[in-house]
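Biologist: Before we discuss particular elements, please display the sequence and the model together. I shall then put my questions in turn.

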Amino acid sequence: MGGGQLSSAPLPRSFFERPSHEVAPDLLGRVLVHGPVAVRLTEVEAYGGPGEDPAAHTYRGKTPRNAVMFGPPGHLYVYFTYGMHFCANLVCLPEGFGSAVLLRAGEVVAGLEEARARRSSARRVPDRDLARGPARLTMALSLAREHNGLDAVREGLAAGQPHQAAAVLEGLPAGPELIRSGPRTGISTAKETPWRFWIDGDPTVSPYRAHVPRRRNAAATSVGEVPSS
DNA sequence: TCGCAGATTACCT
DNA sequence: GGTAATCTGCGAG
């Protein structure tokens with residue numbers, strides 16, 4: 001791949017010993033490697049600790065589910081949601097704070113065929129959609145429940161690929177001046193906190209979708225209509 | 001482009 | 001026992 005090389009030094013643990021909203025923009029443009037697949041991060045979201053961020057899983061304190069978020073920095077917090085999807089976070093701040101960065105979207109820069117094969121859908125998926133969205137990203141990287149708590153720093157999973165190298169690979173300028181921030185996606189509280197960060201103009205950034213309340217069972221809640229069955 | 005169904009988990013009452 | 005959840009794929013218009 002020309003000048004772009006995917007082998008660079010992994011990020012040091014100290015990289016993650018900062019507030020998540022400082023780590024998040026720094027992760028953009030860096031490449032996450034897991035097995036044969038590498039993903040360049042283009043969109044992330046920061047989540048705070050207990051009592052400070054109502055949108056974070058840690059807001060109500062430590063539970064068996066979110067225990068990893070309270071663990072040492074640089075570890076992977078992988079959780080299962082909506083009955084079928086996994087989402088991956090990187091833990092920030094020293095042990096005990098409960099802060100993390102959600103990996104929302106990225107661009108597959110290596111192992112395209114492998115990533116495509118992992119998709120359950122038989123439909124043709126455009127390259128840019130392979131890791132466009134938090135659950136798709138974890139699928140492309142083949143991350144699941146068994147990776148919850150994995151030390152991403154020790155495993156070299158969080159490779160410190162600088163913006164410039166990724167830019168060479170894809171011919172895109174991805175400098176700090178292109179990093180944008182705004183309200184987070186898909187959450188029902190603290191929407192105004194601008195802790196979502198993305199690379200401006202990158203086609204793999206997921207479109208903003210405001211949180212839509214899940215529709216109640218219409219037949220059960222509708223008192224004005226009589227079910228015809 | 002928009003709206004909904006799907007299926008599992010964990011937390012709260 | 002009830003309900004919301006850091007979402008995605010698909011069908012209709």
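Biologist: How far may the coordinates of chain A be trusted, and in which element is confidence highest?

Modeller: This is a predicted model, and chain A averages a pLDDT of 78, with 77% of the residues scoring at least 70. Over residues 1-7 the pLDDT is below 50, although this stretch has 13 contacts beyond near neighbours in sequence. Confidence is lowest in helix α5 (residues 218-221), at a mean of 35, whereas the highest mean, 93, belongs to β4.

Biologist: For residues 216-229, how many contacts does the model have beyond four places in sequence?

Modeller: The pLDDT stays under 50 over residues 216-229. Where pLDDT is low, the predicted coordinates should not be read in detail. Beyond four places in sequence, the contacts of residues 216-229 number 1.

Biologist: Strand β2 (residues 37-47) pairs with β5; over how many bridges does it do so?

Modeller: Strand β2 has several partners. With β1 (residues 31-34) it pairs in the antiparallel sense over 4 bridges, and with β7 (residues 196-199), also antiparallel, it shares 3 bridges. With β5 (residues 99-110) the pairing is antiparallel too, and the count of bridges is 9.

Biologist: Which residues of β5 and β7 are the bridge partners of V44?

Modeller: V44 can be followed into both strands. In β5 its bridge partner is L103. In β7 the bridge partner of V44 is F197.

Biologist: Which residue takes a positive phi in the turn between β1 and β2?

Modeller: These strands form a hairpin with 2 residues between them. Within the pairing, L32 stands opposite V39 in β2. In the turn, the residue with a positive phi, of about 65 degrees, is G35.

Biologist: Strand β4 (residues 85-92) also takes part in hairpins; which residue has a positive phi in the one with β5?

Modeller: On one side, β3 (residues 76-81) joins β4 through 6 antiparallel bridges, with Y79 opposite C87; the hairpin has 3 residues between the strands, and Y82 in the turn has a positive phi of about 55 degrees. On the other side, 4 antiparallel bridges link β4 to β5, and C92 has S99 as its bridge partner. That hairpin has 6 residues between its strands, and the positive phi, near 65 degrees, is taken by L93.

Biologist: Which element gives the most residues to the largest nonpolar core?

Modeller: This core has 38 residues, and those with the most contacts inside it are F16, L27, L76, L103 and V108. At least two residues each come from α1, β2, β3, β4, β5, α3 (134-140) and β7. Strand β2 is mostly covered, with 11 of its 11 residues buried, while in β4 the buried residues are 7 of 8. The element that gives the most to the core, with 5 residues, is β2.

Biologist: How many residues make up the other core, apart from the largest?

Modeller: This core lies apart from the largest one. Among its residues are Y47, A56, V68 and L102. Its count of residues is 13.

Biologist: Which residues of α1 (20-27) are buried, and which elements are included in what covers them?

Modeller: The buried set comprises S20, V23, A24, P25 and L27. After the helix comes G29, with a positive phi near 90 degrees. The cover over the buried residues of α1 includes β2, β4, β5, β6 (179-182) and β7.

Notes. Residues are numbered from 1 along each chain as its sequence is written. Chains are lettered from A and ligands numbered from 1 in the order in which they are written. This is a predicted model: local features need pLDDT of at least 70, side-chain atom pairs count only at pLDDT 80 or more; totals for chains, interfaces and linings use all residues. Side-chain values use heavy atoms; hydrogens and water are left out. Buried means under 20% relative accessible area, exposed over 50%, partly exposed in between (1.4 Å probe, protein chains only). Two strands pair if DSSP finds at least two bridges between them. pLDDT is the predictor's confidence in each residue, from 0 to 100. Contact means heavy atoms within 4.5 Å. A nonpolar core is a set of buried Ala, Val, Leu, Ile, Met, Phe, Trp, Tyr and Cys residues joined through side-chain atoms within 4.5 Å.
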